[in-house]
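User: Hi! I have a model open on my screen and would like to talk it through with you. Can we start with one helix and go from there?

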Amino acid sequence: MILEAQGVIKRFGGLVAVDDVSFGVREREVFGIIGPNGAGKTTLFNVITGFYKPEKGRIIFQGVDITGKKPNEIARIGLTRTWQIVKPFLGMKVLDNVLVPIYVKRGILRGISEREAIERAEEILEFVGLSHRRDFLAETLPQGERKRLEIARALATEPKLLMLDEPAGGLTPTEMDEVMEVVRKVRESGVTVIVIEHNMRVVTGICERIMVLNFGKKIAEGTPEDVARNEEVIKAYLGERFHVGG
Amino acid sequence: MLGITGDLALRIAKYYALAFILLLPLPLAGDYVTHLAIMIMLYSITAASLDILVGYTGRLSLGHAAFYAIGAYTSTLLSMNLGVSPWVGILAGGMLASLFGLVLGIPSLKLRGPYLAISTLGFGVIVQLMLINLDWLTRGPLGIPGIPPLPGGPLDLRSKFSFYYVALMLTSVAVYTLHMISRSRIGKVLMSIREDEDAALSVGVNVPLFKVLAFIISTFFAGLSGGLYAHYIRYISPAMSALSESISILSMTIIGGFGTLTGPLMGAAMLTILQELLRPYLEYRYLIYGALIVIVMKFFPSGIYGFVQFLSRKVRG
Amino acid sequence: MQPTLFIEQTILGLMMGGIYAAVGVGLTMIFGVMRLSNFAHGEFYMLGAFLTYALVMALGGDPYLLAPLSAIAVGLVGIALNKLVFLSLYKELREAKGAAAFFFQDLRFIMLTIGLSILLVDLALVVWGPIPIAIPSVFTSHIVRLPGGLSFSLARIMAFIVATISLIVLYTFLKITKTGKAIRATSQNPSAAALVGINTYRIYDVTMFISTSLAALSGSILGPIYNVYPTMGLDVVAKAFVVVITGGMGNLMGSILAGFLIGLAESWGGLFFGTEYRQVVAFLIMILVLWFRPRGILGGRS
């Protein structure tokens with residue numbers, strides 16, 4: 001197991017956003033986390049990556065207890081996340097967006113030479129298909145490209161485990177395919193991936209195993225096929241349909 | 001080193017060299033113009049130093065003049081009471097200002113927006129009150145006259161003519177250094193914090209460390225320029241730390257165009273000259289000054305330099 | 001220390017606190033509703049005082065009667081400036097994306113209001129001159145003597161009463177009227193408020209009116225006690241911000257509480273450490289509060 005969460009509880013006032021969730025992610029797999037809106041998926045991400053402190057439970061990454069560590073420390077040991085609402089460094093060039101994590105990882109005062117750093121950044125941009133945007137300001141990119149820049153920036157931290165928060169959310173089908181392609185390539189390069197995703201096409205397309213959350217609780221775990229047949233999962237999703245009216 | 005290629009360092013250095021050469025004959029225009037130019041240069045260092053904090057890191061300060069004053073008082077007191085050379089005193093002033101920058105930077109880490117603005121404002125007010133009330137050290141509200149001039153070997157640095165060249169050299173070096181920092185790896189990391197703290201954290205940036213570093217860098221240069229001012233004007237008073245001074249410096253940085261480093265230099269020049277031009281209209285001076293700030297901020301929010309860049313892009317197509 | 005002096009300073013501090021609360025509440029409302037840090041807030045306080053002075057001179061009568069008139073006039077000036085200077089910026093702010101864009105808008109607001117403040121101070125200087133003026137009032141010379149050797153001028157008591165009443169009126173207005181509820185809704189969530197049909201830009205005007213007229217009223221009622229002069233607002237605005245931040249920006253009750261707290265602390269600070277440190281006391285309290293609660297005692301928004 002590259003990542004293990006043990007009995008994680010996160011409360012906001014009276015609301016239990018993450019309720020005693022335990023799961024493990026194997027090395028080099030793509031692990032999906034799904035669930036209706038407000039199920040606690042993003043909160044769980046925030047707990048794992050150090051943005052929230054859990055009330056209870058432990059997070060073990062590569063055998064090391066990282067519970068309560070700061071987000072930047074967690075990123076530097078190889079666990080990096082992206083954001084559901086993408087947060088590119090809008091006022092900076094695409095290349096600089098990717099350079100910042102490279103500097104942080106490889107040394108600001110010494111270490112990697114500027115030429116090497118730029119070469120690495122260019123490789124990563126090539127990898128996600130953004131080479132042609134190298135010198136554009138991030139704010140000029142359309143949504144689909146921003147999502148890929150977000151992944152590029154996370155990859156620049158040289159993660160062992162990449163956590164993607166709805167990488168295909170709000171995208172057109174074509175853009176979605178591009179992002180899925182990138183995720184597959186990331187995985188092939190030896191990086192473990194956790195994905196939060198709403199879109200079932202994306203989930204079944206890239207995930208080997210899935211965990212389902214509802215009201216902060218884990219209600220199922222298994223292959224996409226197993227999970228799709230799970231009664232409780234069907235009920236949870238039907239319930240959501242009923243409430244949302246869709 | 002630090003992520004600046006030799007190429008870039010050289011290209012920017014060329015601009016500075018060109019400006020340096022163009023500014024060489026300026027003292028021929030007489031003492032009045034020379035004095036004005038020196039004041040513009042001193043403000044340039046301060047406004048540019050503030051840009052590291054405001055424009056690059058996204059941290060507002062309404063108390064920057066305090067660091068300018070700390071630099072000035074440190075150098076003055078060291079040279080007058082302990083006989084330290086003003087050159088060393090100025091450096092010490094920068095360092096002490098930096099130390100105070102650290103003192104202000106750490107507790108204000110979590111503050112944003114107006115919370116940070118008022119805390120830094122409060123810091124400026126407290127420094128001013130200290131300078132007024134610790135009169136056994138600072139001689140209180142009357143200030144300190146008779147500060148020794150900079151020793152210049154064969155040059156008499158009491159004359160505006162010679163001081164101008166010293167100031168020109170030091171300003172070039174100081175502002176060029178700030179420019180290099182802004183383009184360095186540190187500069188880019190600071191910008192990532194300005195753009196989005198959480199995103200910066202999530203890719204491994206030690207945000208608190210770099211916020212404090214921005215304070216240290218910025219206040220060091222403000223302190224330097226305060227020390228230079230003290231040995232140029234040779235009189236200092238607690239008014240140097242007044243809120244109006246901090247606002248003046250901030251106006252230069254922002255009206256000039258923050259986050260560009262070139263903008264604050266233009267802002268320092270323009271606002272200093274404007275103040276002079278408005279001098280005959282004594283009463284209406286601040287009416288016009290205030291109106292100008294309102295107009296620029298409403299219609300040219302990225303400042304004068306931003307507007308110039310916009311125009312030049314238009315012209316080039 | 002004499003107990004009388006202590007009690008007197010305590011009461012004076014609380015009275016001053018009432019004024020701080022009134023000025024602070026206006027400032028915090030503007031921030032809460034339109035995210036505007038108004039560094040020109042003190043100038044509305046100053047304009048109110050001068051206008052009351054002008055009215056007293058022109059019409060005769062007592063400043064405590066004419067103050068509401070000048071408050072309304074200043075409130076209208078507030079609305080005009082709101083439409084002229086800030087309206088387009090509110091619209092831009094709604095479309096702003098990313099943390100840097102919000103920082104940028106904050107900066108613009110701050111610089112714009114600083115510019116306005118400089119402009120208005122000079123305007124007052126041109127119109128009324130730099131020399132401090134006292135607004136004549138019959139209440140100033142009346143001294144109320146209380147048992148134990150305590151005495152206060154009736155003007156101070158009047159000022160405290162007016163400030164307290166205006167705070168109660170404001171609180172009731174926000175709680176029970178439709179407009180008041182709309183203001184609170186807009187403050188909590190502008191886009192949701194707009195969605196349920198609240199004309200938020202009109203709410204901004206109303207908020208600006210309330211805020212500036214409250215400042216003007218405070219200036220007017222202190223005019224007979226302290227002097228009236230063009231830079232009087234600058235002394236007050238820093239204090240008002242300290243109050244607002246200590247209470248939590250956008251938090252009305254926080255500001256009222258902090259107003260009294262700071263008024264009291266200043267009075268005591270002056271008593272124990274000497275008057276030259278009065279101002280430091282206010283800032284120190286703010287720094288202490290921010291150290292332990294970065295969003296103020298009752299919590300505010302950022």
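Analyst: Happy to. This is a predicted model, and a good place to begin is helix 8 of chain C, where 18 of the 23 residues are buried, so the helix is largely enclosed by the rest of the structure.

User: What span does helix 8 of chain C have from its first C-alpha to its last?

Analyst: Helix 8 of chain C covers residues 200-222 and reaches 33 Å. That is close to the 33 Å expected at 1.5 Å a residue.

User: What average pLDDT does chain C get?

Analyst: Chain C averages 89, and 99% of its residues score at least 70. Among its elements, helix 2 (residues 41-59) has the highest mean pLDDT, at 95, while strand 2 (residues 150-153) has the lowest, at 81.

User: And what scores does the complex get?

Analyst: The predictor gives the complex an ipTM of 0.91 and a pTM of 0.92.

User: Good. Next topic, the interfaces. How many residues of chain C are in contact with chain B?

Analyst: There are 38 residues of chain C in contact with 36 residues of chain B. On the chain C side, helix 4 (99-128), helix 9 (232-247) and helix 11 (278-292) each supply at least two residues.

User: Which helix of chain C gives the most to that side?

Analyst: That would be helix 4 of chain C, with 19 residues. As for character, the side of chain C that touches chain B divides into 29 nonpolar, five polar and four charged residues.

User: What about chain B and chain A, how many residues does that contact take from each?

Analyst: The contact takes 20 residues from chain B and 26 from chain A. On the chain B side, the elements giving two or more residues are helix 8 (185-195) and helix 9 (197-202) of chain B. Helix 8 of chain B has the largest share, seven residues.

User: And how do the residues on that side of chain B divide into nonpolar, polar and charged?

Analyst: The side of chain B that touches chain A has nine nonpolar, six polar and five charged residues.

User: While we're on chain B, I clicked on B:Val88. Where does that residue sit, and is it buried or exposed?

Analyst: B:Val88 is in helix 4 (residues 86-105) of chain B. It counts as exposed because it has 12 C-beta neighbours inside 10 Å, and 12 or fewer is the cut-off for that label. You could also look at B:Val88 together with B:Ile193: the two are 105 residues apart in sequence and 34 Å apart in space, C-alpha to C-alpha.

User: Over to chain A, then. What is its secondary structure?

Analyst: Chain A comes to nine helices and ten strands. Its C-alpha trace spans about 55 × 40 × 35 Å along the principal axes.

User: How does its radius of gyration fit with a compact globule?

Analyst: It agrees: a compact globule with 246 residues would have a radius of gyration near 18 Å, and chain A has 18 Å. Of those 246 residues, 47% count as buried. Counting contacts in chain A with a separation of 6 or more, 66% are between residues 24 or more positions apart.

User: Which order do the strands take in the open sheet of four?

Analyst: In chain A that sheet has the order 2-1-4-5, with antiparallel pairing. Strand 2 (15-25) and strand 5 (64-65) are the edges, each pairing on one side only. Two bridges join strand 4 (residues 56-61) to strand 5, and A:Ile60 has A:Asp65 as its bridge partner in strand 5.

User: Which phi does A:Asp20 have?

Analyst: A:Asp20 has a positive phi of about 55 degrees although it is not a glycine. Most residues other than glycine have a negative phi. A:Asp20 lies in strand 2 of chain A and is partly exposed, with 14 other C-beta atoms within 10 Å.

User: Last one: what do strand 9 and strand 10 of chain A form?

Analyst: They form a hairpin with two residues between them. Five bridges join these antiparallel strands, and A:Leu213 stands opposite A:Lys218 in strand 10. In the turn, A:Phe215 has a positive phi of about 45 degrees. A:Phe215 counts as partly exposed, with 16 C-beta neighbours inside 10 Å.

Definitions and conventions. Residues numbered from 1 in each chain as written. Chains lettered and ligands numbered in written order. Predicted model: local features only at pLDDT ≥ 70, side-chain atom pairs only at ≥ 80, totals over all residues. Contact = placed C-beta atoms within 7 Å. Nonpolar A, V, L, I, M, F, W, Y, C, P; charged D, E, K, R; others polar. Rg over C-alpha atoms; globule rule 2.2 N^0.38 Å. Buried ≥ 20, exposed ≤ 12 C-beta atoms within 10 Å, placed from the backbone. Pairing = 2+ DSSP bridges. Expected span 1.5 Å × (residues − 1). pLDDT = per-residue confidence, 0-100.
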